[in-house]
Amino acid sequence: MSTPPKSFVKSVVEVTAKDLQGHGAVFCPNPKMPLWSNHPRVFLQVTAEGEARCPYCGTVYRLKAGEKVHGH
């Protein structure tokens, strides 16, 4: 599957450290998305660069400014 172009951004979701699962990942679609927009669940690593883009819908998940991510 190819990555959508950077101009393809559906929305930006700011996440906090407590939203992260495992080793700094979030999943898309998130629980707040409408049912009609569902696609296969993917886990996105946001801690490496501070944000990640969903390859299916283009939603960008961005770590909220000033958030401290603590290792396990």
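**Notebook: sheet, salt bridge and pocket**

I began with the record: an unreviewed UniProt entry lists residues 26-61 as "domain: Zinc finger CHCC-type". I noted that the model before me is predicted. In this model the span 26-61 is 0% helix and 33% strand. I also looked up the C-alpha atoms at the two ends of residues 26-61, and they lie 8 Å apart.

**Entry on the sheet**

I next asked in what order the strands of the sheet stand. Three strands form an open sheet, and I read the order as S1-S5-S4, with mixed pairing. S1 and strand S4 (51-53) are the edge strands; each has a single partner strand, so one side of each is left without a neighbour in the sheet. On average, neighbouring strands here are turned by 20° against each other, with direction ignored.

I then took the two pairings in turn. S1 and S5 run in the parallel sense, and four bridges join them. Within S5, tyrosine 61 is the residue that stands opposite valine 13. S4 and strand S5 (residues 60-63) are antiparallel and are joined by three bridges. Here I found arginine 53 opposite valine 60 of S5.

S4 and S5 also make a hairpin, with six residues between the strands. In this hairpin I noted glycine 58, which takes a positive phi near 85°.

**Entry on the salt bridge**

How many salt bridges does a search of the whole structure find? I recorded one. Arginine 62 forms a salt bridge with glutamate 51, and their closest N and O atoms are 2.8 Å apart. The pair links distant parts of the chain, since arginine 62 belongs to strand S5 and glutamate 51 to strand S4, 11 residues apart.

**Entry on the largest pocket**

My last search concerned empty space. Rolling a probe the size of a water molecule over the atoms shows where such space is left. The largest pocket holds about 280 Å³. I listed its lining residues, among them Val13, Glu14 and Val15, as well as Val26, Phe27, Asn30 and Tyr61.

Which strand gives the largest share of this lining? I found that S1 does, with three residues. Strand S1 (12-15) and strand S2 (25-28) each supply at least two residues. By character, I counted six nonpolar, two polar and three charged residues in the lining.

Tyr61 thus appears twice in my notes: Tyr61 lines the largest pocket, and tyrosine 61 stands in S5 opposite valine 13. Val13 is likewise one of the lining residues.

Conventions: Residues are numbered from 1 along each chain as its sequence is written. This is a predicted model: local features need pLDDT of at least 70, side-chain atom pairs count only at pLDDT 80 or more; totals for chains, interfaces and linings use all residues. Side-chain values use heavy atoms; hydrogens and water are left out. On a 1 Å grid over the protein atoms alone, a cavity is a set of points where a 1.4 Å probe fits but cannot get out, and a pocket is an open set with protein on both sides within 12 Å along at least five of seven lines; lining residues have an atom within 4 Å of a point. Grid points are joined across faces, edges and corners, and a volume is the space filled by probe spheres set on the points. Ala, Val, Leu, Ile, Met, Phe, Trp, Tyr, Cys and Pro count as nonpolar, Asp, Glu, Lys and Arg as charged, and the others, Gly among them, as polar. UniProt positions are given in the numbering used here, feature names are shortened, and annotations may be inferred rather than shown by experiment. Two strands pair if DSSP finds at least two bridges between them. Axes are lines fitted to C-alpha atoms, for helices over the stretch in contact, and angles run from 0 to 180 degrees between N-to-C directions. A salt bridge is a side-chain nitrogen of Lys or Arg within 4 Å of a carboxyl oxygen of Asp or Glu.
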